[in-house]
Amino acid sequence: MSDQKNPYGPGTTGHVWDENLAEATNPPPKWWMIGLHASWILVLLYTLVYPSWPWFGGAFKGVMGWTSIGEYKQDLAAINEVRGKYENQLPGKSAAAILADSELNEYVQRSAKVLFGENCAACHGSGGAGNPGFPVLADDEWLYGGEIDKITQSITAGRQGMMPARGGASLTEAEVDELARAVAATDPTSSPLFTGKGTCFACHGQDGKGTPAMGAPDLTDRIWRFGNGSFEEVKYTILHGVNDSNDANSRNAEMPSWQQRLSETEIKKLAVYVHQFGGGR
Amino acid sequence: MSEKLAEQSVRIEDLYDDLDKWHVNTGGETIHAKRMPGRFRQLKWLTASTWLLFFLGPYLRYDGRQAILFDIPDRKFYIFDITIMPQDIWMLSLTLLFFAILLAVITSVAGRVFCGYFCFQTVWTDVYTWIEEKLEGAPHKRRKIDSAPMSFEKLKLKVPKHAAWLAIAMLTGVSFAAWFTDAYELWEAYVTLSASKAAWIVLALFTGGTYLFAGFMREQVCFWLCPYARIQGVMYDTETILPAYDRHRGEPRGKLRKGNTVEGQGDCIDCNQCVAVCPTGVDIREGQHEGCITCALCIDACDAVMEKINKPKGLIRYASWDELEGKPVPKLLKRPRVLVYLAIITAAAIGIVYGVTHLGTFGLSVVHERSPLFVLQSDGSIQNKYDLKILNKSDVDHPVRLTARGPEGLALRTPAQPLTAKSGRVSSFTIFVRVPRRQLDAEMQPLIFEIQSVDDDGANAEYESMFVGPRQ
């Protein structure tokens with residue numbers, strides 16, 4: 001191999017390895033140098049525009065005054081401007097009027113999801129699917145009525161029903177068994193105890209179809225407030241009652257009042273949202 | 001070692017020899033190609049003129065609006081009386097596939113036809129150098145001016161050229177932007193300096209890009225920037241016809257002495273005209289080169305010379321490797337590669353035609369509520385909730401009637417029918433379906449939603465969803 005075949009010209013660093021291997025002193029390519037200088041100029045400009053260098057009293061703030069919280073607030077304002085068109089109409093309208101307005105209803109369906117998730121879903125499940133011990137909101141059975149005003153009232157003031165243990169402590173174990181069998185068969189009136197000694201009818205009605213004004217459920221349908229409607233579950237409810245302070249094992253059922261925590265508009269939105277789960281009347 | 005292998009093996013010395021001759025222009029020298037008339041030159045102007053569509057297209061009107069408009073903010077593409085919405089974007093994929101394979105089939109048959117005749121880089125560079133030649137003169141004059149020190153005379157030549165270049169660059173930018181917004185309003189906005197930020201950015205990018213690429217980088221773009229140059233290069237095979245130098249006829253080359261042929265000399269008279277006219281600075285006589293955009297201008301140059309020296313034309317001509325080496329050339333439609341490409345193109349074209357003719361009025365989609373999947377009702381029936389979305393692609397509102405087919409005894413609960421599908425947007429409705437529990441013999445059963453316009457019998461759509469019940 002000839003020494004004359006160096007394609008890079010004669011300039012080398014002077015070091016020679018393995019007899020003829022030399023390091024050429026070619027300058028970096030022009031495009032590479034342009035890239036290098038463009039890079040540091042860009043870094044400099046960036047750090048001038050945005051907060052960067054350590055500086056007296058904190059850090060250099062940048063010539064544009066950009067802050068991340070400022071950008072957040074700007075974005076939030078942009079979102080609120082879009083929402084404002086609908087939000088501004090809500091305070092002046094009743095929940096029923098919002099429900100009837102298809103556009104507002106649609107807006108509430110889209111926007112109240114977060115509200116429901118934060119405040120309601122812990123007990124009632126997402127989408128109102130319910131949880132053991134907490135009522136399903138998506139079905140058509142309502143303890144206190146499924147009309148939009150009733151739902152609004154339930155959220156605003158809360159609900160707490162009461163069912164005394166053993167029909168007011170009067171029933172024997174055997175009588176509780178008999179009553180529980182009749183109720184579990186969704187035919188409560190088949191037991192004379194229902195309208196007799198048990199005094200169930202006082203709240204659940206002569207026909208066992210419940211009294212929404214008192215929050216007493218319909219016992220003739222397939223929806224159960226506690227458990228799955230099996231004999232054992234029904235028996236437990238009759239034995240210990242609901243919210244009966246005299247019985248330590250009583251079923252607990254309390255819907256807290258939300259008017260301290262949520263604004264009136266938020267409650268209206270929730271009522272419309274819940275109403276649209278599928279069971280609202 | 002067999003003779004053939006020995007011939008193919010590469011000696012280290014050869015690599016060094018190659019390196020010695022290896023000449024790559026990385027932008028250090030400006031190529032001033034000679035412009036010669038000829039049939040490929042004419043063809044090139046003809047193909048380049050297809051780009052007039054790019055400049056004039058946006059001013060076409062149809063039915064009171066721009067005939068072809070890609071409205072990005074509203075997500076609607078208007079092409080004459082067709083309106084394409086994002087839901088039909090699969091046709092875009094087919095269109096891209098169509099053109100990608102079209103590029104492949106043409107490249108495998110006739111080389112970089114796109115590069116040489118249609119590519120914006122080639123066309124704009126061609127126009128820029130044409131202006132350069134008109135203002136500054138032939139290549140040797142231009143080289144002289146370039147190397148001369150700055151003077152008033154030089155400025156007098158350079159300023160009009162750059163002004164003309166920038167004007168074309170800006171017109172390119174405006175024309176591009178005009179496809180995406182109303183062209184006439186856009187001009188007004190630019191002229192009154194009231195255009196949107198996006199419009200100014202597009203104009204700046206295209207003006208800067210065109211000026212830089214066509215004015216200064218030119219063949220460097222094809223050499224180092226463009227991926228298609230590489231992709232197309234590898235799609236050649238020995239059957240691809242390309243502008244090629246017939247070395248069997250041309251070699252050994254040698255200068256013509258006193259107009260007489262020298263005994264034993266090939267037809268190439270080493271006049272270098274083929275190199276002088278090459279816009280990328282390639283010597284076609286060295287064989288296939290990555291820088292060759294197959295523009296065939298060297299064919300024009302060589303033919304003109306051959307005519308002068310009374311030799312047959314076609315020393316440089318469109319020919320395949322096989323043809324030049326005297327091998328049999330298979331028929332076009334007997335090449336598997338061409339057939340496969342044609343099959344793909346045909347499939348894509350059929351898809352596009354089907355898509356455009358079957359756009360439909362409605363797009364219907366139904367989302368089943370997942371939480372909860374189903375709800376037990378007081379009468380023992382099972383209720384499912386659905387979010388129904390009707391996209392109305394037409395420009396009038398449609399009242400539509402919704403029906404559902406599925407498990408026996410199903411009851412549909414909808415907002416007041418007919419539902420209104422608003423024009424040009426998605427209208428969504430919450431739908432409930434109830435089925436008596438005894439009718440449910442499987443956990444999941446198909447449920448088909450159908451919408452039918454009350455006004456237009458031809459406007460309908462259906463969507464298959466599921467009805468979910470308790471585990472059996």
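## Helix α5 of chain B

The buried residues of α5(B) are B:Ile101, B:Leu103 and B:Thr107. They sit on the same side of the helix, because the arc they cover around the axis is only 145°. This is a predicted model, so treat everything here as computed from its coordinates.

As for what lies over those residues, the cover includes α6 (113-118), α13 (227-233) and α18 (336-357), which also belong to chain B. The helix itself runs over residues 90-110, 21 residues in total. From first C-alpha to last it reaches 30 Å, close to the 30 Å expected at 1.5 Å a residue. Right after α5(B) comes B:Gly111, and its phi is positive, near 75°.

## The nonpolar cores

Now for the cores. The largest one has 46 residues, and the members with the most contacts inside it come from both chains: A:Leu270, A:Ala271 and A:Val274, plus B:Ile390 and B:Val433. Helix α12 of chain A (residues 264-275) gives the most to this core, namely six residues. If you look at A:Val274 and skip its neighbours within four places in sequence, you find it in contact with A:Gly128, A:Leu137 and A:Ile151.

There is also a second core, separate from that one, with 36 residues. Among them are B:Trp165, B:Cys222, B:Tyr245 and B:Ile269.

## Positive phi outside glycine

Two residues of chain B that aren't glycine have a positive phi: B:Asn272, near 65°, and B:Thr294, near 50°. Both are in loops. B:Asn272 is found between α14 (247-250) and α15 (273-276), while B:Thr294 is found between α15 and α16 (297-308).

Their surroundings are where it gets interesting. B:Asn272 counts as exposed, because it has 12 C-beta neighbours inside 10 Å and the cut-off for exposed is 12 or fewer. B:Thr294 has 25 other C-beta atoms within 10 Å, so it is buried, the cut-off there being 20 or more.

## Cis peptide bonds

Keep an eye on two prolines in chain B if you're checking omega. The peptide bond from B:Ser371 to B:Pro372 is cis, with omega near 0°. B:Pro372 belongs to the loop that links β8 (362-368) and β9 (375-376).

The other cis bond joins B:Gln417 and B:Pro418, and here omega is about -5°. B:Pro418 is in a loop as well, between β12 (411-413) and β13 (419-421) of chain B.

How values were computed:
Residues numbered from 1 in each chain as written. Chains lettered and ligands numbered in written order. Predicted model: local features only at pLDDT ≥ 70, side-chain atom pairs only at ≥ 80, totals over all residues. Helix = DSSP H or I, 4+ residues; strand = E, 2+ residues; numbered from the N terminus. Expected span 1.5 Å × (residues − 1). Arc of directions from axis to C-beta. Contact = placed C-beta atoms within 7 Å. Core = buried A, V, L, I, M, F, W, Y, C linked by C-beta atoms within 7 Å.
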